[in-house]
Structure formats: C-alpha cells, structure tokens
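The following report describes selected local features of one model, beginning with a single residue and moving on to a sheet and a surface patch.

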Amino acid sequence: MKTETRFDPSPAKDVISTPMDFSGHTPMMQQYLRIKAEHPDILVFYRMGDFYELFFEDAEKAARLLGITLTQRGASNGNPVKMAGVPFHAYEQYLAKLIKQGESVAICEQIGDPATSKGPVERKVVRVVTPGTLTDADLLPEKADRPLLAIYRLTQRKNSLIGLAWLSMASGALKVMEFSGEPKLSDVRIKQELERIAPAEILLADDTGEIAALSLPGKITQVPSWHFDFGSATKSLLEQLGISTLAGFGAEKLNAAVSAAGALLRYAQSTQGKGLQHVRSLAVESENEFIGLDAATRRNLELTETLRGQEGSSVAPTLFSTLDHCRTAMGSRMLRHWLHHARRDQTIAQARHAAINALMRADACSGLQSTLAAVPDIERITTRIALLSARPRDLAGLRTGLQHLPSLRAYIDLCAKDADAPLLKTLEEALTTPSECLDLLERAIALEPAAMVRDGGVIARGFDADLDELRGLSENAGQFLVDLETRERARTGINNLRVEYNKVHGFYIEVTHGQTDKVPDDYRRRQTLKNAERYITPELKAFEDKALSAQERALAREKHLYEKILTDLAPHIGTLQSIAQAMAQLDTLAALADHALRHNWCAPQLVGEPLVAITQGRHPVVENQIERFIANDCELSAERKLLLITGPNMGGKSTYMRQTALIVLLAYMGSFVPAARAAIGPIDKIFTRIGAADDLAGGRSTFMVEMTESAAILNGATEQSLVLMDEVGRGTSTFDGLALAWAIARHLIDTTRSYTLFATHYFELTQLPESHPSSANVHLSAVEHKDRIVFLHAVQAGPASQSYGLQVAQLAGVPQGVIRTARKHLALLEAHSVQSTPQFDLFAGAASQQEEEPEETKTSALEEALQKIDPDSLSPREALDILYRLKKMSGAAE
C-alpha cells in the first residue's frame, strides 16, 4: 500500500508556529495533545500502564486498520474521548500490521516515576517506527532488506542532476549514487534504480512535486527542503563517519548525492531518538558498476518474484528460491543482493567461481552448512546492539555464533589448502574470533536468558556480587520462613503456629485464639481474624523489608547491568559487522557450491572477447520442475550477433531465451551455471521483451506496453548488451506488426549490434540472414503425429517449417468443431496461395515499387481488391496469402 506522510523532526521550526490552547482538556489529555501536535501525520502509541492507547482520529484509524475495538470513555474539553488500545507486551504484532499497510507509528513511553509524579507521569516519544527504519526482528522480512532512500534533484540548465542515498537500517550499509540527463530520461533512470534498490520508504523534499508525481513505489515521506542543504549534509556525513573529508570515499564532488544522504541521516536519527553507531562507512555506486537490469527484465527473468509478483515457492519457484540453500538469513539476503547486483567486473565473479570450486573439491559443503545453521542473524543483532534495543536472547545468540567461528575457520582452511581461492583466505581472516567481546558475553549473559530484561534471569550468576546477593535474598525466602517457623514453635511451645505471606499484609505469624496466651512479648499484633491472630516480630519485619525489595532491586540491578553490557559492546560493532559480512558471503558461496554439486553445474569462463558460447545449457529453474530437460547450445559472437528463433507456441522458445540470459547473469554474479560449458565475454546490460499485459491503471494497452519496452531496448542497448525479443509486433495489425518487427530486427543488427535472441512467428523475417550475415536462423523442433503435435524442445539450425497453431489450439482444449472449421479455412487459404514458401518482396522491393507509377487498369483492380481487406483481422498466414494474390493480380494486369 502506498501512503504519503509529511515529517519534520524539528516541529518548532516548521510545524507549530503559534502555541496551541489545550486548557480546556484534562492534564493527561493536554500532555497527549502536545505530543500528538509534534507528530500530526502519524499514529501515536501512548503508553498507559499495560497498554498503548490511541485517541480520537488515531483511535478510529487504528480500529479500522487493526480490527480492534473502538471505545468511548469520559470527556475532555466537553467531547467524548474515543480510544483504542493494544497490550504493550504484544504490541509488535499490531505494529507489524500497521507497517505492512504503510503506516508510521510514534512510540510514546512513560519515563517518569508514577510514585513521585504529582500530575500525569512524564512521557516522551522514544522512537518513530516507519517502513524504512525497521530494526526489530519481528517487523522485518528475514531474507530481504527494507532500505530507506532519499532522492534529491538539482536542475542544471536543460539537464537534471539526481542524487540518491539509501540506508539499510538493519545492517548499517549507507550508499549513494549520482547521475544526470534530460528530465524525462532522468525520471526513467530513477524508476530503474528504485526497482533495483527496492526501498521501503522514500524521502522527498516538500517542494519536489515533479518527482512525487512519478508514481514511485512504497511509502513517500516528505521532509522540509532545508534538510537537503549541502553544507549541513556534508557536516552531518563527516560527523557520522568520523572523518574530515569525503575524498576517501570518492564522494567529495557528488553534491546532489551528499545532500540526499544528509537528509537521510537526519530523518533516520530522529526516528531512532539516538545516534546511529552502526553506520560507519559510505559506499559510492557508479552507473557502470553493475550489469543493467530494468524492471521488465527483473520481472521476466523471475529473479526473486514470479510474473504475478509473488515470492517464490515450491509450486511457483523463482531463481532465488531455487538457489537459496543458505543456512543463515544473512546468507539469503546476500544471495538476493548478488542476483540483483551482478558486477560487470569479471575479476569479482572469477574470485567467487574459484571459491565455489574449492568448496566443491574439498566436499566441505555439508559440514560447513550444518555449522552455519547454528549461527543467528549477527548482522541485525549488531544493529540492535548499536541502537541499544538488543534483547537478552539476541546476545545469547550472538555468543553462540561467535563460539562457532573456530569451526568455520577450520572448514575454510581445509578448503583453501592447495587451492587458488584468495576470497576464502580473506573470509578466513575476517572470521577471527573477537576474544574480548566473546569473553564478556560468556561471563555476563545467562545460558538461557529470559526473553525480556524486565522478566529477570538475564545476567549470569557470578558476574555481579550485588546481584547475586539480592537474588539470594529472594530465592532463600522460603527456607528462611520454614526455619523461622520451626524455631518459633520450639520457643513458644505453640505447635500449630504458622509463618505465612500474602500480598496485602506481607509476612506474618498466625496463632489460633486458644494459644494466644503463649505469645511472647516481642510479638506485635498485625491482624485479627475470627479464629486467629496474626503477628509480626522485629526479626520477621527486618526480613520482610529485605525480601520484598530484593526482587525489585534485583530487577533494577539487572537492567542497569544489561544496559552497561550493551554500552561495553559498542567498541566491537565494526568487528561484528565484518564478521557478519564474511559469514553471509561464506554461506552464499556454500549454498551455490551445494546447488552446483547436486545439479551438475559447471564453472563458466569469463573472457575478454565478444562471445556468448553455451554448450548444453539448461534453464536453472525449469530443469528442477520437469523429469527430463532438453539441453541446448547457444552461440553468439562478433560475427553472429542475432539469432532468429522460430517454432511452435509451447515449443520452448521463451524458455531457451530466458535460460541464456539467466546463465549469463549467474556467471557474472559469481555462480556456476547449468551447462556443460560456458564462455561469456563482457556484458553491460540485459534487456528482455517477453510477454506483455496491458497497464489499465497507467492507461496503456498491451501493444503500448510492448512498444515502450522495445523503445527502452533500442535506446539503451549497446554492443555488449544481451537482448531478448519475443514476438514483437503481435499486438497490432499484421502488416504494422510485421513491419515493426522487421525494422526492430534491422536496427538491432545494423545499429545496436547487441547479442540478440529474436523469437518470431513472422516467417518473412527468416530471410534476414540472406542480407545480413551477422544473423542466423534457428528453430525449436516439433513433429506431427496423427493430427497432434509432439514438442521436441531441441534447438536446430534453420527456420521452422510452420507454426503448428491449430495443433497447439487443440492441445489447449479448443472444441473439435472449431478445429475442423479452422482446418478447412486453412486449406482454402493455402489453395489461393501461389507459393508455399514465404515471399520476401514485401520489403525487398519496396523502394522500386514506390518509384514506379502504376497504370490505371492495374490501380483500379488492385484498389478493388484492397478495399475488401480488413488488415486488423488477419493472421500472419492470411496476410501472406493475400499478399501473394495481390502479387499475382499485379502481374496479370501487366
């Protein structure tokens, strides 16, 4: 759900210009309304005892979104107070629902002591939870990041300078990039980058209406334009990173990107209510760093989502779900990142290939993965430590993960021995155990701590003497009472004397009325009952004071110690982040090695020559879904740039095209590939135009969507791009579609010179190789058997003999009557055709025909025939037959 919010962490400057009068409200409602005035556009969770309450419009909205009860209690300023609440111990589940619907929530806590407060308990907003600033494990998807992104545009004459900055709050990764161009091209580029980065929330200046009008994905939050001031942004970045210049990161001249980063940091810090200790570095991404994938390509290749926009599953898998054998959430996120960010730099992929090869040769995947399975999400735990929001079990999990480091290093050492895998050696060094950090966790945190600090039992015994003493008082109370009761019975001679406790009167000694004459002088009456008297003694009173306060003081002491432990862990944040990154890479490499072993994938060769040579290639997802997959070759080079692919529907053309693109992408992301052999040269972008659907919301027909995607390819592809074009021109009239398909193919051959796989049912195009030697015909084979079609799925040289449209229609369940009628009409059309082979003169003779002035007799005969033709209703075959007939008429007239 897309929502829009205005946010300013400095309301006194921009939001509240005049004091608001709340004098008619109760003191507590005055406090609430003052807090709400600082956060007018977001929901406020206002802590009251064991509940977070929402009031007035917030209550109505929350009741609608969460399905909770809306109530009305009392009155304030003469109006009923509408309320809705959620229990504080389970508020995360409600928070998750709101965040999923694009809402932001301000968490307002009690920070004062109710026992000492004369008026309402002091409260303040301790953090603001937004879709882009999540760090809680319960609110975040385990295997994906949800970054916060800021966009800033500077207009320079006719060009726009666009700065992007994005932060993964859950990992602390801060990145920026900058690009320029004409406004329309810049808008297209913005959308492409957002598709790659997939932000959960986007920050815009409140005076940037043209960007807000782009229908950007996710939640849009507008902040004051002065937040993007370059001077303030630079200062904020330098302070955050603890440096004196941005030159070391290559960002000193990126004015628009730095401005965006400054606004981003200001917003992130204000929502957390504290500094961002885990944001310690800056990465500058360039336009040419990654293999370009536009939104259509990511969708058509089903990298991480199916064509229906769903996450992959066993029923409808994606490339990500197929490859994700990672044992940690960190590894799964890393794998997802690699799929969307394949580097053009071949050396990076080659280093990963070498590491995977070493893991496979040592047969260490199973042992490595079983060890990794015991490792928690160290990356996100480290972030919560930095934000002082880590829970006890986070620290216990971190301790367990660090204890497995020696074992992981041993596996890496085994694999890297006698192997040329420098990446593994780098990972081994990064996984060095931080002894001081681990020692603190082992001494301080109980083996099985409680879920929350407030529950106690978090700090290990022996870590703090004062805490141990307080725990002793609380835990030994029962034994003390038993001993006291035994001594008092012996001292007084009252055999039925009992020492007991209740929450109202505390500890007491109970004596029946018949025995009260034996009560010693130091007994003081506490309560009289119908059949007994209850007493207290100085000894019991002293113990009561200690015991009743011991548990409370123990909890307070644990809370203090826990906060100190988090502070003491702060110096280790950088080391823990490096360990998390190394573990994620190791897990991803092990998952890819495991998949390659199980499915017989090969190591691709990345070469400098212009080449895509795949032997016995397979589709990485489809090969797991069917019993027997037919492998096929693909040969593209400087002399053979375009393959014209023909064959029946359902014959495997789209699968063949997609598998080629996926093999190229896998090779550059650093994975082995599903082939017997693969050699791939430099690739800068991958484009796909496969399938189409209308865009009703955007007012675009199927054909318009198809042409828009084609235009993006023709304008953006280069000699090093891989282009997949599937049935271009099918969404309009036959002649228009055929002409467009011809012209697009010619452009890709002559002008763009990209590596192109061009699937078509226009058989006229199969004569292109006669005039353009850098193109070649291939087809997906099929045979007929008793009026039915059998798909062989094998790619063979040359064009297909026919499209087998009627046979495919029969397979689809079209009624037999319709099939028979179609066969008769097809025979009739074929009978009118002079030739059985395609006629290429539609294009070859176009120029000469235009120059020739037709005679009156020929013109009148042709005009009469042409008037009877409805081009929009013709199939390609019918159009071809009519073309032959017109040609025959033209010859007869001469």
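Is H572 buried or exposed? In this predicted model, where local features need pLDDT of at least 70, side-chain atom pairs count only at pLDDT 80 or more, and totals for chains, interfaces and linings use all residues, H572 is buried, with a relative accessible area of 14%. Residues are numbered from 1 along each chain as its sequence is written, and side-chain values use heavy atoms, without hydrogens and water. H572 sits in the loop between α21 and α22 and, leaving aside neighbours within four places in sequence, is in contact (heavy atoms within 4.5 Å) with E436 and C437.

| Residue | Relative accessible area | Class |
|---|---|---|
| H572 | 14% | buried (under 20%) |
| V783 | 38% | partly exposed (between buried and exposed, the latter over 50%) |

An open sheet of 4 strands, with mixed pairing, follows the order β19-β23-β20-β21. Because β19 (605-606) and β21 (632-637) each have a single partner strand, they stand at the edges, and one side of each is left without a neighbour in the sheet. Strand β20 (residues 611-617) pairs with β21 in the antiparallel sense over 5 bridges, where pairing requires at least two bridges found by DSSP; within β21, S637 is the bridge partner of L611. Helix α23 (residues 653-669) packs on this sheet, touching β19, β20, β21 and β23 (677-680), and its direction makes about 110° with that of β20.

V783, which lies in strand β27 (residues 775-785), forms a nonpolar surface patch with V790 and L792, with about 210 Å² of accessible area together; patch residues have over 30% relative accessible area and no salt bridge, and nonpolar side chains are joined within 5 Å.

How values were computed
Helices (H or I, at least four residues) and strands (E, at least two) are DSSP runs, numbered from the N terminus. Axes are lines fitted to C-alpha atoms, for helices over the stretch in contact, and angles run from 0 to 180 degrees between N-to-C directions. Patches are made of residues with over 30% relative accessible area and no salt bridge: like charges are joined within 9 Å, nonpolar side chains (Val, Leu, Ile, Met, Phe, Trp, Tyr) within 5 Å. Accessible areas come from the Shrake-Rupley method with a 1.4 Å probe; for residues, only the protein chains shown count as cover. A salt bridge is a side-chain nitrogen of Lys or Arg within 4 Å of a carboxyl oxygen of Asp or Glu. Buried means under 20% relative accessible area, exposed over 50%, partly exposed in between (1.4 Å probe, protein chains only).
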